[in-house]
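These are my notebook entries on what I looked up in the structure, kept in the order in which I went through it.

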Amino acid sequence: MAEAVIRPNDPPDAPTVAAASGSAAASTVSTVSTVRTARTARRVPGWGLLAVPGIAFLLLFFGWPIADMAILSLTEPSPANYAVFAESPVYRDAYVTTFLVAVVTTGTCLLLGYPYAYVMHASGRRLALVLGFFVLLPFWSSILVRTFAWSVWLQDSGIVNTALMSAGVIDEPLPLIRNALGTTIGMTHVLLPFMVLSLYAGMRRIDPDLTRAAKSLGASPLTAFRRVFLPLSKAGIYAGSLIVFVISLGFYLTPAILGDPGEPLVGQLIVEQVSGQLEFGVGGALGVVLLVSTLVIVGAGTRLVDLRTVMGYEE
Amino acid sequence: MRRIPWKGGLRTAVALIAVFLLLPTLVVIPLSFTEGSLLRWPPRGFSLRWYETLLADPAWRDATLKSLEVALWTALAATAIGTTTALGLTRGRFRGRQLISSLSLSPIVVPTVITAIGTYFVFVRLGIVGTTAGLVLAHTVLALPLVIVSVTNSLRSFDRNLELAALSLGAGPVSTFFRITLPLVAPGVAASALFAFITSWDEIVVALFVTDPVVRTLPVVIFNQLRSGVDPTVAAAATLLVLVTVTALGVALAARRGLKT
């Protein structure tokens, strides 16, 4: 198997152990050991085989479900499932609303996330750690609990309205929940950590010498930021916006709790069709359209940003 | 902070954003200790009665135990499969490796609602809706990409010369793996096991589809309670949910930190 042969960039590393002893003889030893390593490595069965169970598992329990959804959308009872888009404005409206909510959520997250990530990046170790903790905690905490908590803040008898009314600012409770505003507030809160982490990862890849060079050449801190740092942080901006936008499109939980039941988003419609109406075919068709739009956006996004870094691979 | 332009305003803004990130969620904690029987702000008095309900009421207790069981199995399955997959994908040399390693992360990109209904369709065919095994399988799919990414990162960051040294000193490939490779990536593997645990423990959308009235997880019961009549037990359950997550997160971050030192 050709793949078991050590890659060309491995052997030069091999002498490190020998080089530490610093003698001429050592380099001979290292050459011998490299040869032996290559021979040993050849006897090891391909590492690639280890990936087989995982890939098989994903094909079976992820690939099959997606394929099944696509098949049901065409056969349960017929491709006419896709006609719902032509027949009822509810579905088209849901896609438009979902898209708008996703745009606003992404914009708000970027607006709040950029300064946050920037301060995290530019400040000392301890403050960066604290700020990072403030992001990781909500990032990993239950979306259900966070959405539930927002309903305590936003409902008519909730914290915000009670406070405003007792302060005499308003007489009637403000409609903060059961509408697109509630959904957007909740989704911004849920997705902001994704944005901050993407932006921060992008900023860390920027060479600090570049802004330093700009300043030493006479640029004011503001100019150095605007002309050097900001353009260099674009990769993080694209990555964060892509991930937030894509997750927004398929969101179910937050709109279900904070949104307007009369103006459902796509995720809610899909759940309603499948578990409420038991219309697997129509639900499948809605799912396929959502999936295809998601993949088109992700595909377009990969032209701007390396998807692998979006998903958390370190370089 | 010295290098930051317009630092005063920026600092205030960032402090406010930090409050926005953390504070809203915390209201569930005081609510869970209320004496009143309504889930309403402000909480009245102090009592542990809703925690008693959480432990005594079979519906809540069973769901809590089921959540723990499913999350532990998911952590185990996702870590075992994910670690071997990460090894295969980083070390293997075969055609389409890049493509496959990108595709193996697709459960992150595909909207969870879609994964949920697809899984439901397949589970109906297999007759495993409302089973613990089904829940574990579905949650393992969601947790797997996290484990693959996390283990891949720790595999890439360690010095492979250590393995070559062991091999050149006469250790076999198997003993090199167990005595050199595994101990070195162990903190990363442990952290990803905890992340897989949290993923399952908090998961709700897929669980809504593949659970039934008998086999339910804690988030599913919370969600159903939120839609019907609400008593403050929900706040107690929510507090428990977050408490377990925060503990697991703390341990995971400590383990990862161990990797770096």
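I began with A:Arg178 in this predicted model, and asked whether A:Arg178 counts as buried, exposed or partly exposed. I found 19 C-beta neighbours inside 10 Å, and because a residue is called buried only from 20 other C-beta atoms upward, A:Arg178 counts as partly exposed. I then looked up its backbone and noted a positive phi of about 60°, although A:Arg178 is not a glycine. I placed A:Arg178 in the loop of chain A that runs between helix H8 (159–166) and helix H9 (180–204).

I went on to A:Leu278, which has a positive phi of about 55° and is likewise not a glycine. I located A:Leu278 in the loop between helix H14 (266–276) and H15 of chain A. With 9 other C-beta atoms within 10 Å, A:Leu278 is exposed.

My next entry concerns the peptide bonds. I looked up the bond joining A:Glu76 and A:Pro77 and recorded it as cis, with omega about 5°; A:Pro77 is found in the loop between H3 and helix H4 (84–87) of chain A. In chain B, I recorded a cis peptide bond joining B:Trp41 and B:Pro42, where omega is about -5°, and I placed B:Pro42 in the loop between helix H2 (28–32) and helix H3 (49–56) of chain B.

I then turned to the packing of two helices in chain A, H12 (residues 234–249) and H15 (residues 280–301), and asked at what angle their axes cross. I noted that the axes come within 10 Å and cross at roughly 180°. Since angles over 145 degrees count as roughly antiparallel, H12(A) and H15(A) are therefore roughly antiparallel to each other. On the side of H12(A), I listed A:Tyr238, A:Leu242, A:Phe245, A:Val246 and A:Leu249, and these meet A:Leu290, A:Ser293, A:Thr294, A:Ile297, A:Val298 and A:Gly301 in H15(A). I sorted the residues of this contact into eight nonpolar, three polar and no charged.

From that contact I followed A:Tyr238, whose place is in helix H12 of chain A. Not counting residues up to four places away in sequence, A:Tyr238 touches A:Gly301, A:Leu304 and A:Val305. I also looked up the separation of A:Tyr238 and A:Asp306, which are 68 residues apart in sequence and 9.7 Å apart in space, C-alpha to C-alpha. A:Tyr238 has 19 C-beta neighbours inside 10 Å and so counts as partly exposed.

For the interface between the chains, I recorded 85 residues of chain A in contact with 75 residues of chain B. Helix H3 (residues 52–75) of chain A gives the most to the side of chain A that touches chain B, namely 13 residues. The residues on that side divide into 57 nonpolar, 21 polar and seven charged. I chose A:Pro65, which lies in helix H3 of chain A, for a further look, and found that, with residues up to four places away in sequence left out, A:Pro65 touches B:Thr115, B:Gly118, B:Thr119, B:Phe121 and B:Val122. A:Pro65 is buried, with 24 other C-beta atoms within 10 Å.

I next asked how many residues the largest nonpolar core has. I noted 156 residues, and those with the most contacts inside this core are B:Ile117, B:Ala237 and B:Ala238. Helix H8 (residues 132–157) of chain B supplies the largest share of the core, 14 residues. I looked up the contacts of B:Ala238, leaving aside its neighbours within four places in sequence, and recorded A:Val145, A:Phe148, B:Val28 and B:Ile222.

I ended with chain A as a whole. Its secondary structure comes to 16 helices and zero strands, and buried residues make up 42% of its 315 residues. Among contacts in chain A between residues at least 6 apart in sequence, I noted that 71% join residues at least 24 apart.

My last entry is on the confidence of the prediction. Chain A averages a pLDDT of 84, and 83% of the residues score at least 70. Among the elements of chain A, I recorded the lowest mean pLDDT, 32, for helix H1 (residues 16–21) and the highest, 96, for H3(A). Over residues 1–43 of chain A, pLDDT stays under 50, and the model has 42 contacts beyond four places in sequence for this stretch.

Conventions. Residues numbered from 1 in each chain as written. Chains lettered and ligands numbered in written order. Predicted model: local features only at pLDDT ≥ 70, side-chain atom pairs only at ≥ 80, totals over all residues. Axes fitted to C-alpha atoms, helices over the stretch in contact; angles between N-to-C directions. Helix = DSSP H or I, 4+ residues; strand = E, 2+ residues; numbered from the N terminus. Parallel < 35°, antiparallel > 145°, perpendicular 65-115°, else oblique. Contact = placed C-beta atoms within 7 Å. Nonpolar A, V, L, I, M, F, W, Y, C, P; charged D, E, K, R; others polar. Buried ≥ 20, exposed ≤ 12 C-beta atoms within 10 Å, placed from the backbone. Core = buried A, V, L, I, M, F, W, Y, C linked by C-beta atoms within 7 Å. pLDDT = per-residue confidence, 0-100.
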